[in-house]
Amino acid sequence: MAHSNSTQFQQAFTISFKPFLAIKDFFILLAVSFSEAKVMEQKSRRTSGNW
């Protein structure tokens with residue numbers, strides 16, 4: 001009986017660990033896209049001149 005409890009705990013840990021990796025990847029992607037958008041904004045400000 002103790003073995004089945006430890007197996008259930010291990011399965012619950014592996015299942016609950018995957019969303020954290022997905023959330024981490026999501027925030028990394030979000031940060032990269034924001035930094036890229038900032039660079040594009042700076043480039044467009046230089047080329048657009050004074051409006």
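**A tour of the model**

Start with the whole protein: about 5200 Å² is exposed, and carbon and sulfur atoms supply 69% of it (Shrake-Rupley method, 1.4 Å probe; for residues, only the protein chains shown count as cover). This is a predicted model, in which local features need pLDDT of at least 70 and side-chain atom pairs count only at pLDDT 80 or more, while totals for chains, interfaces and linings use all residues. Residues are numbered from 1 along each chain as its sequence is written, and side-chain values use heavy atoms, with hydrogens and water left out.

Colour by secondary structure next. The protein has one helix and zero strands (DSSP runs: H or I of at least four residues for helices, E of at least two for strands, numbered from the N terminus). Buried residues make up 0% of the 51 residues (buried is under 20% relative accessible area, exposed over 50%, partly exposed in between; 1.4 Å probe, protein chains only).

Select F17, which lies in helix α1 (residues 2-48). F17 counts as partly exposed because its relative accessibility is 42%.

Move to F26, partly exposed at 48% relative accessibility. Add F27: the structure holds one aromatic pair, and the ring centres of F26 and F27 are 5.7 Å apart with planes at 65°, so the pair is edge-to-face (Phe, Tyr and Trp rings, the six-membered one for Trp, pair with centres within 6.5 Å; planes under 30 degrees apart are stacked, over 60 edge-to-face, the rest tilted).
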